[in-house]
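Trainee: I am new to this structure, and I would like a close look at a single part before anything else. Please choose one pair of side chains, explain how the two partners are placed, and then connect that part to the rest of the chain.

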Amino acid sequence: MDFFTLISIAVALAIDAFAVALAVGAILDPLSERRWFRLGFHFGLFQGLMPIVGWAAGRTLQQWISAYNHWVAFLLLGFIGIRMILNALKEKDDEFIKDPTRGMTLVVLSVATSIDALAIGFSLALLGVSIWTPALVIGIVAAVLTVVGMMLGKKIGALWGTKAELVGGLVLCAIGIKILIEPLCY
């Protein structure tokens, strides 16, 4: 997998975390380094671990679907991308518990923002890609964008959250199409 594709996937996956971080940054007062660390660390950790879990599942099933792996990757990425686009287009009611960087709220947000990474890991296994570098890059990008999102959220509120999620969905759909078309070019 080339570096541009890997970074594109990592950024697209981190858009959910970024959008949540924008909203969290807008509502938390004070926005301390401890809260930045907690949310960034957990979002990055979950974003980095979920592809590994998905990859392990994909490796197990690879022998049965290897002839269709490009189609499966395309469908998974397309599904995730379209889901992100639809989620960005529907109205949301941003209600958080007082401090979403603590307790079960933090765990639920971490899982919710990283489910897409599970499918990416599954797709990478079907494509025969090693998971370790992508998982590390995905986790680091998610952690960094989470912290950046919190800082921006404090300054501009949650105005850009849905636009960012829409772009992320479009990027994932484009990558899915690229994976589907690639074998036809060779």
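Mentor: Let us start with Trp71 and Phe74, which both belong to helix α3 (residues 69-89) and, because they are 3 residues apart there, are separated by about one helical turn. Please keep in mind throughout that this is a predicted model. The structure holds 3 aromatic pairs, and one of them is formed by Trp71 and Phe74, whose rings meet edge-to-face, with 6.1 Å from centre to centre and 85° between the planes. The angle earns that label because planes over 60 degrees apart count as edge-to-face. As for the surroundings of the two rings, Trp71 has a relative accessibility of 49% and therefore counts as partly exposed, while Phe74, at 21%, also counts as partly exposed. Both values can be read against the same pair of limits, since buried means under 20% and exposed means over 50%.

To place helix α3 in its setting, it helps to know that the protein has 7 helices and 0 strands, so that, read from the N terminus on, its elements run α-α-α-α-α-α-α. Of the 186 residues, 48% are buried, and among the contacts with a separation of 6 or more, 93% join residues that are 24 or more positions apart.

Just beyond helix α3 in the chain, Thr101 sits in the loop between α3 and α4 (103-112), and with a relative accessible area of 0% this residue is buried. Its C-alpha atom is 8.3 Å from that of Val24, although the two residues are 77 apart along the chain. Leaving out residues up to four places away in sequence, Thr101 touches Val24, Leu28, Arg35, Arg38, Leu39, Leu106 and Met150.

A second buried residue, Gln47, lies in helix α2 (residues 33-65), and its relative accessibility of 0% is why it counts as buried. The contacts of Gln47, not counting neighbours within four places in sequence, include Leu13, Ala17, Thr113, Ala117, Ile138 and Ala142.

For a contrast with these buried positions, turn to helix α6, where Ile140 lies and is partly exposed, with a relative accessible area of 47%. Together with Leu136, Val144, Val148, Leu152 and Ile156, Ile140 forms a nonpolar patch on the surface, for which the accessible area amounts to about 460 Å². The whole protein has an accessible surface of about 9,800 Å², and carbon and sulfur atoms account for 71% of that.

Finally, the two ends of the chain deserve attention, since Asp2 forms a salt bridge with Lys178, with the closest N and O atoms 3.6 Å apart. Because Asp2 lies in the segment before α1 (3-27) and Lys178 in helix α7, the pair ties together parts that are 176 residues apart in sequence. Asp2 is partly exposed at a relative accessible area of 38%, and Lys178 is partly exposed at 36%.

How far the prediction itself is confident varies along the chain: the lowest mean pLDDT, 73, belongs to helix α7 (residues 161-181), and the highest, 92, to helix α6 (residues 132-156). Over the protein the average is 82, and 87% of the residues score at least 70.

Notes:
Residues are numbered from 1 along each chain as its sequence is written. This is a predicted model: local features need pLDDT of at least 70, side-chain atom pairs count only at pLDDT 80 or more; totals for chains, interfaces and linings use all residues. Side-chain values use heavy atoms; hydrogens and water are left out. Helices (H or I, at least four residues) and strands (E, at least two) are DSSP runs, numbered from the N terminus. Buried means under 20% relative accessible area, exposed over 50%, partly exposed in between (1.4 Å probe, protein chains only). Contact means heavy atoms within 4.5 Å. Rings of Phe, Tyr and Trp (its six-membered ring) pair if their centres lie within 6.5 Å; planes under 30 degrees apart count as stacked, over 60 as edge-to-face and the rest as tilted. pLDDT is the predictor's confidence in each residue, from 0 to 100. Patches are made of residues with over 30% relative accessible area and no salt bridge: like charges are joined within 9 Å, nonpolar side chains (Val, Leu, Ile, Met, Phe, Trp, Tyr) within 5 Å. Accessible areas come from the Shrake-Rupley method with a 1.4 Å probe; for residues, only the protein chains shown count as cover. A salt bridge is a side-chain nitrogen of Lys or Arg within 4 Å of a carboxyl oxygen of Asp or Glu.
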